[in-house]
Amino acid sequence: MSDQSNFSATTRAVRAAIATDREHGAVVPPIHLSSTFAFEGFNKPRTFDYTRSGNPTRSQLADALSALEGGAPGGAVVTSTGMSAVTLVLQLLQPGDTIVAPHDCYGGTQRLLRGLSKRGHFNLVFADLTVAGAAAPQAAPRDRAWS
Amino acid sequence: MVLIETPSNPLLRITDIRAVAELAHAAGALVVADNTFLSPALQQPIALGADLVIHSTTKYLNGHSDVVGGAVVAADKSLADELAWWANCLGITGAPFDSYLTLRGVRTLHSRIRDHLASAEAVVEALCRHPAVSRVYYPGLATHPGHDIARAQQSGFGAMVSFEVHGGTRSVELLAANLRCFTLAESLGGVESLIAHPATMTHSSMDADARAVAGISDSLVRLSCGIESPEDLARDVTEALNEVLGARDWVLSASIQTSSETLAPRTQPLAPSPQPADVILLGAGAIGRELVRQLSDVPDDARPPLRVCGLIDRSGYVFAEGGFSRDRLAELRALKSAGQPLCEAIGGRPAPALHAVNEIARHQLSRPILVDATPADTHDVLLAALGAGLDVVLANKVPLAAEQQLVDRLHETARASGRRILNEATVGAGLPVIDTLRKLLEAGDEVLSIEGCPSGTLGFLFGELGRGEPFSVALGRAIALGYTEPDQRVDLSGLDVARKALILARAIGFRGELSDVQVESLVPAHLSAETGLAPAEFLRRAGELDALWATRVNDARRKGKVLRYRAHVTPGTIAVGLVAVKLTDPLGALHGTDNQFTFTTARYRARPLVITGPGAGPAVTAAGVFNDLLRLEASRERRSVTEYGDAIPA
């Protein structure tokens, strides 16, 4: 695909992965439903080997999202649901770390945070983040995520 | 780790991403922002300092409510790699087919968002002006506590709108049943509009107390505005809310909810009332805003049959057929107080005042009244309004102090259209000066002269001088209290008093021009506005006049007198200027911003009729306008009763 990085977000959203198909020149990229990908030869995996870890269609979406949000190149992970995105981020925490969350955050997020903190996955503090500075004093000094 | 959700769900509270990120980073924490409610088309948290952005792509990114998916975007590649490792390890990566559909949705993200915003704007406007709605939560409203932050960190206010309806769950149920373009369902961000009731749906897992703490009442409704026609959505909301209002028993149910079940309801269902008169306000300055406040503050059970349906300022206008809600008026007042033009309000349109009046007059209006609370020459606007069938109430002195032939034309146009022009607030602010004059004349009295101090500003100034204050200090104090015109020389030159005197004189038969008024100016010729001296420069040099005024005041004091600026009016003559009067004279006893008017008439000759009281400031001036509105309204009811009586065959 030609370099789109100096176009507006609107243009980049519309043109994400357009005309990137090498096989037939499909303008809209084809969908790759295959769960697995053949090795080129013995001990020679291609870019993608198994769809759980990587898939061309998912990768195109990830690149588009990262570009729109201004993330790092290759900086997005597409998950199965919004809650799995939250679950994924929580993997960065370990027991003893503290997460500060808005006291009125989405009910599903609240349920997950309460459930995991009860089991000792991390410490949980709810705060009103619309009040500037409310989060800072809640920090526990030993937290991995804080240090 | 700090998790941010902004705007929040469902109350759309705004968090300052940059401020929280700075604090969190100072403490060494990662910042995660959930950007589901806006999408990257309207907010990019990474640019504001977030380390990670999470999404439910189910919402705006896919946008068609046919995929369940999510995403994490990292500012830093190594963090992304760690997350990708975990996603594979846990087995929570997205399916290819879902990814395909989501990417297809992303292509139209920006154009969909534009349409979503247009819908939200139309819906918010409809909600704000509907009397069945008690409160609207939308970051685009100037009254929203997070408005300024939202304006700074977002490029649009989003298409999620929450509001409260009068009457609790019953009203919500009625509303949902009557909406045709909003489907009762959870989720959001799709092309189709949805309505959710957080208390029984999205937030039902919270107990009632937790909901109360979070501010989620049983009356709260959340809308996801889709990309149907904005006009259809606004109409749908208005019509469904009309049904809620039409049921009327919400008044009853509201009172039962707040009291014990065994208590009898104290509030009766609303009785049908006549269609209120539509008030269109020209000028949204201090007086206009005060009038809106006074109209809004009247308790419901004493509410006069008046509703504000249009506001016009220099920039443009806002109009709501059927009148604005109290919340909407509060929001518009806040916008104007913050110095913003009406054309930038939600639903605001840029237009010159004449065009605005013509546009508004094209609508179906109920006995409309135009209030002129500007200080400008509005002659053409008033002619258009009278011609279009609007009655006129003036706080503005300029139109009635204009050239005689222009004033004649205003009255002729009013007569030809069967409309009236009332102007109590043009003289003596809220004091019943014009009203008294009218009553005297109607009863056949003959007004020989009117004498008095019709300037609260000059009254205040002379009070201060009398207490020994230097002229420049007294003037500064009058400015600080908001008593003066923007160029103080309009007060000091006697022009303001001359205009009021001319209006009074014309009311008792004087025909002539402002130039016929003998005016004694308090501004020396070399400092007058005619020399081109800027107002600021005049103020700087006001101290040059201190000695002169100290001498004048002291000379008067030695004779046991005080200085006053007086107007004297007869049907043939008008004079305004400085006089020295005894302390025992009614004029001498004035203090503060008091005005005084002494009517000498055929019937009140030996002991003239005197009206005294504060005559400056927005509160009393707006009250004068309010009284005129009520008088118009009352006289029209009489008129319509007469017409009805005439229609019945004897």
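**Exercise 1. Strand S11 of chain B and its neighbours**

In this predicted model, find how strands S10 (residues 277-282) and S11 of chain B are joined, and say whether they run parallel or antiparallel.

*Solution.*
Step 1. Look for bridges between the two strands. There are 6 of them, and S10(B) and S11(B) run parallel.
Step 2. Pick out one pair. B:Ile280 stands opposite B:Gly310 in S11(B).
Step 3. Trace the chain from one strand to the other. From S10(B) the path goes through helix H10 (residues 286-297) of chain B and on to S11(B). This β-α-β crossover is right-handed.
Step 4. Turn to strand S12 (residues 316-319) of chain B. S12(B) pairs with S11(B) over 3 bridges, in the antiparallel sense. Here B:Gly310 has B:Phe319 as its bridge partner.
Step 5. Check the link. A hairpin of 3 residues connects S11(B) to S12(B).

**Exercise 2. Burial of S11**

Why is strand S11 (residues 306-312) of chain B described as largely enclosed by the rest of the structure?

*Solution.*
Step 1. Recall the cut-off. A residue is buried if 20 or more other C-beta atoms lie within 10 Å of its own.
Step 2. Apply the cut-off along the strand. In S11(B), 7 of the 7 residues are buried, so the strand is largely enclosed by the rest of the structure.

**Exercise 3. The two sides of helix H15**

Which residues of helix H15 (residues 433-442) of chain B are buried, and which exposed residues sit on the face turned away from them?

*Solution.*
Step 1. List the buried residues of H15(B). They are B:Val433, B:Ile434 and B:Leu437.
Step 2. Look down the helix axis. The buried residues of H15(B) fall within an arc of 95°, so they line one face of the helix.
Step 3. Go to the face turned away from the buried side. It carries the exposed residues B:Lys439 and B:Glu442.
Step 4. Find what covers the buried residues. The cover includes strand S17 (447-453), helix H19 (495-507), strand S21 (594-601) and strand S22 (609-614) of chain B.
Step 5. Follow the chain just past H15(B). B:Gly444 takes a positive phi of about 85° there.

**Exercise 4. Strand S19 and its partners**

How many residues of strand S19 (residues 561-569) of chain B are buried, and which strands of chain B pair with S19(B)?

*Solution.*
Step 1. Count the buried residues. S19(B) is mostly covered, with 7 of its 9 residues buried.
Step 2. Take strand S17(B). It is joined to S19(B) by 3 bridges, and the two run antiparallel. B:Gly452 stands opposite B:Ala567 in S19(B).
Step 3. Take strand S20 (residues 574-582) of chain B. S20(B) and S19(B) pair over 9 bridges, in the antiparallel sense. One pair sets B:His568 opposite B:Ala575 in S20(B).
Step 4. Check the link. A hairpin of 4 residues runs from S19(B) to S20(B).

**Exercise 5. Where the chains touch**

How many residues does each chain bring to the contact between chains A and B, and which element of chain A supplies the largest share of its side?

*Solution.*
Step 1. Count by chain. Chain A gives 65 residues and chain B gives 70 residues.
Step 2. Look for the elements on the side of chain A. Among those supplying at least two residues each are helix H2 (56-69), strand S1 (76-79) and helix H3 (82-90).
Step 3. Find the largest share. It comes from H2(A), with 9 residues.
Step 4. Sort the side of chain A by class. It has 35 nonpolar, 24 polar and 6 charged residues.
Step 5. Look for strand pairing across the chains. S1(A) pairs with strand S4 (residues 70-74) of chain B over 4 bridges, in the antiparallel sense. A:Thr79 stands opposite B:Gly70 in S4(B).

Technical notes:
Residues numbered from 1 in each chain as written. Chains lettered and ligands numbered in written order. Predicted model: local features only at pLDDT ≥ 70, side-chain atom pairs only at ≥ 80, totals over all residues. Buried ≥ 20, exposed ≤ 12 C-beta atoms within 10 Å, placed from the backbone. Pairing = 2+ DSSP bridges. Right-handed = clockwise from strand over helix to strand, strands pointing away. Arc of directions from axis to C-beta. Contact = placed C-beta atoms within 7 Å. Nonpolar A, V, L, I, M, F, W, Y, C, P; charged D, E, K, R; others polar.
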